Amino acid sequence: MENNSDFMVKKELVSAAKLKKELELAKAELAIQKKKAETKKKEPKKKEEAKKKAIAKKKEEAKKKAIAKKKVIAKKKVIAKKKVIAKKKAIAKKKEEAKKKAIAKKKEEAKKKEEAKKKEEEAKKKEEEDKKKEEEAKRTYEEELEEQYTDEQIIDFSIDKTDMDKLVNKVTEMIASYEIKGILQNILWRKLKLSSRDGSRLALKLEKMGNITREKILENGRWTYLLLIKKIPISTISIENSPCLICPVEGKCSTDGEISPKTCQYIEEWVLADSKSKKRYEIN
Ligand code: SF4
């Protein structure tokens, strides 16, 4: 028979073992609960992450789409811009070509006009030259006279009832008054009331005498002569009214004396009168 203390020990050992077992069960249960709790705790986080991932993915896709869309729009814009530029270039090219054509046309027209003008001028010039040649071919009355008469006969020419020396001096002085400009012979003959026949012979006479030169010129379609002074003859007319010829003190007069032409009143008046007389020629 077991004693009471052993029984008690055994009983306590059973209780301890039981307690230990219960404790282990409780621990296991707690671990399960903990795991469940952890699992439960982790689930929303996963969901959240998955949700976030989905959102991020969507955003990424949307972003990609937007970028792609932007690229397409940009590409379209570039194409449209290129088209506009190409169109503008084509228009500008057309305008430039049209402008060039217009300029070329104008140049061509101007060239044609210029050529036509040149031809017209050439024709006119030729016509004038032909006319001039034709006129030149026409012999003047003076040229015929020169052929008909000798130089002596021409110099001996005189007009009836006319003092030829006086006339020669007068005409020479008149021609001299026109200096280097000269005077047309027909104008001079009108002033002197000479016929053109006498005038022409007188001009030839003056030329042969060496007083004048004659220049053949075409005036209003007709050949005539410009008369130019060559040599002013010493004329007795120029001194015939000189006060010295009848001066009572002529014997006492000298250039360095008290009575002198330098201070002579008569000489001064005579020169002035002579000068006025020459001016009348020019006016007439
Ligand atoms: S210059 Fe006079 S002063 Fe002398 S001679 Fe002639 S007019 Fe007489």
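## Contacts and overall build

In this predicted model, residues 24 or more positions apart make up 58% of the contacts with a separation of 6 or more. Burial tells another part of the story: 8% of the protein's 284 residues count as buried.

What is the protein built from? It has eight helices and three strands. Its radius of gyration is 70 Å, well over the 19 Å that the globule rule gives for 284 residues, so the protein is more spread out than a compact globule. You can see that in the spans of the C-alpha trace too, which come to about 225 × 65 × 25 Å along the principal axes. If you walk along the chain from the N terminus, the elements come in the order α-α-α-α-β-α-α-β-β-α-α.

## The first helix and Ala50

Helix H1 takes in residues 4–137, and Ala50 is found in it. Is Ala50 buried or exposed? Ala50 is exposed, because just 10 other C-beta atoms lie within 10 Å, and a residue counts as exposed at 12 or fewer.

For a feel of the distances here, try going from Ala50 to Glu268. These two are 218 residues apart along the chain, and their C-alpha atoms are separated by 143 Å.

## The sheet

Now for the strands. The three of them form an open sheet, in the order E1-E3-E2, with antiparallel pairing. Strand E1 (183–184) and strand E2 (212–219) sit at the edges with a single partner strand each, so one side of each has no neighbour in the sheet. As a bit of background, strands of a sheet pair through backbone hydrogen bonds, and they can do so in a parallel or an antiparallel way.

How many bridges join E2 to E3? There are eight of them, and E3 covers residues 222–229. Going through some of the pairs, Arg214 has Leu227 in E3 as its bridge partner. Ile217 stands opposite Thr224 in E3, and Leu218 stands opposite Trp223 in E3. On the other side of the pairing list, E1 and E3 run antiparallel and are joined over two bridges. Leu184 has Leu226 in E3 as its bridge partner.

The sheet also has a helix for company. Helix H4 (residues 164–177) lies across E1, E2 and E3, and it runs at about 90° to E3.

## Turns and loops

E2 and E3 form a hairpin, with two residues between them. Asn220 belongs to the loop between E2 and E3. Its phi is near 50°, which is a positive value in a residue other than glycine. Asn220 counts as exposed, because 5 C-beta neighbours lie inside 10 Å.

Glu179 makes a good companion to look at. It lies in the loop between H4 and E1. Glu179 has a positive phi of about 50° although it is not a glycine. With 10 C-beta neighbours inside 10 Å, Glu179 counts as exposed.

Where is Lys230 found? Look in the loop between E3 and helix H7 (237–240). Lys230 is partly exposed, because 16 other C-beta atoms lie within 10 Å; that falls between the 12 or fewer of an exposed residue and the 20 or more of a buried one. Setting aside neighbours within four places in sequence, Lys230 is in contact with Gly210, Asn211, Ile212 and Thr213. Lys230 and Lys132 are 98 residues apart along the chain, and their C-alpha atoms are separated by 28 Å.

## Around the ligand

Which residues are around the ligand? They are Pro243, Cys244, Cys247, Val249, Glu250, Cys253, Ile259, Pro261, Cys264, Tyr266 and Ile267. Sorted by type, this shell holds ten nonpolar residues, no polar ones and one charged one.

Note on methods. Residues are numbered from 1 along each chain as its sequence is written. This is a predicted model: local features need pLDDT of at least 70, side-chain atom pairs count only at pLDDT 80 or more; totals for chains, interfaces and linings use all residues. A residue is near a molecule or strand if its C-beta atom, placed from the backbone, lies within 6 Å of it. Ala, Val, Leu, Ile, Met, Phe, Trp, Tyr, Cys and Pro count as nonpolar, Asp, Glu, Lys and Arg as charged, and the others, Gly among them, as polar. Two strands pair if DSSP finds at least two bridges between them. Helices (H or I, at least four residues) and strands (E, at least two) are DSSP runs, numbered from the N terminus. Two residues are in contact if their C-beta atoms, placed from the backbone, lie within 7 Å. Axes are lines fitted to C-alpha atoms, for helices over the stretch in contact, and angles run from 0 to 180 degrees between N-to-C directions. The radius of gyration is taken over C-alpha atoms; the globule rule is 2.2 Å times the number of residues to the power 0.38.
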